[in-house]
Amino acid sequence: MTDFDWPWQYKFPPFFTVQPNIETRSKQLEAWCNLVLAFQKHAKQYNLDVTEAQNSELFYNKQLNRRLSLDAIYTVLEELRKRGNLEWKDKERKACTLIWRTPAEWGNIIYSWVCSKAMNNTVCTIYELAHGEDNEETEFHELDKAILIRALKTLEADGKAELIDFDGNEGVKFF
């Protein structure tokens, strides 16, 4: 991604080797966590396959010919999990979902947009909400369906929306 603003550490070869000093390693993990979340957010990618990630631009700087080892990737991902920014999809820890906003934060963003468009007391499909032409400029455009449903459930709990099923289509009514 040529338009992604890589942090200075990404161009620093030791960044790709887990540092032995505890204090340095802590700062390094912080930088890696921030990088992973920023990269995924920029690319609007919510899911990560660990095997594929090892060769991705995120963990492999071709200019330096440096790559983060698989063990180090798992260390970074585990730190993200501890922070609440990652959920494993399987017991083998081969695939995960990255969460740079909580479901409640996503819900608030969606509800603010709904209010700004005067869409209260209207119904729309989940697909329409995630992929509609009306919201192409929003942060939640093309939001992962599982994350979108969780966001809408937070709105439902607040009495701002109701998830519905009509004619085999999943939808939501906003209040």
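**Exercise 1: the disulfides.** Work out how many disulfides this predicted model has.

*Solution.* Start with the rule: a disulfide is a pair of cysteine sulfur atoms within 2.5 Å. Now take cysteine 115: its closest cysteine sulfur sits in cysteine 124, 13 Å away, so that's too far for a bond. Checking from the other end, cysteine 124 has its closest cysteine sulfur in cysteine 115, again at 13 Å and too far. The count therefore comes to zero disulfides.

Ground rules: residues are numbered from 1 along each chain as its sequence is written, and side-chain values use heavy atoms, leaving out hydrogens and water. Because the model is predicted, local features need pLDDT of at least 70 and side-chain atom pairs count only at pLDDT 80 or more, while totals for chains, interfaces and linings use all residues.

**Exercise 2: the two cysteines.** Decide whether cysteine 115 and cysteine 124 are buried, partly exposed or exposed.

*Solution.* Buried means under 20% relative accessible area, exposed over 50%, and partly exposed in between (1.4 Å probe, protein chains only). Cysteine 115 comes out at 37%, so call it partly exposed. Cysteine 124 has just 6%, so that one is buried.

**Exercise 3: the sheet.** Find the strand order and the edge strands.

*Solution.* Strands are DSSP runs of E, at least two residues, numbered from the N terminus, and two of them pair if DSSP finds at least two bridges between them. Three strands make an open, antiparallel sheet in the order S1-S5-S4. S1 (47-49) and S4 (86-88) each have a single partner strand, so they stand at the edges. For a closer look, S1 pairs with S5 (residues 95-98) over three bridges; asparagine 47 has threonine 97 in S5 as its bridge partner.

How values were computed: Helices (H or I, at least four residues) and strands (E, at least two) are DSSP runs, numbered from the N terminus.
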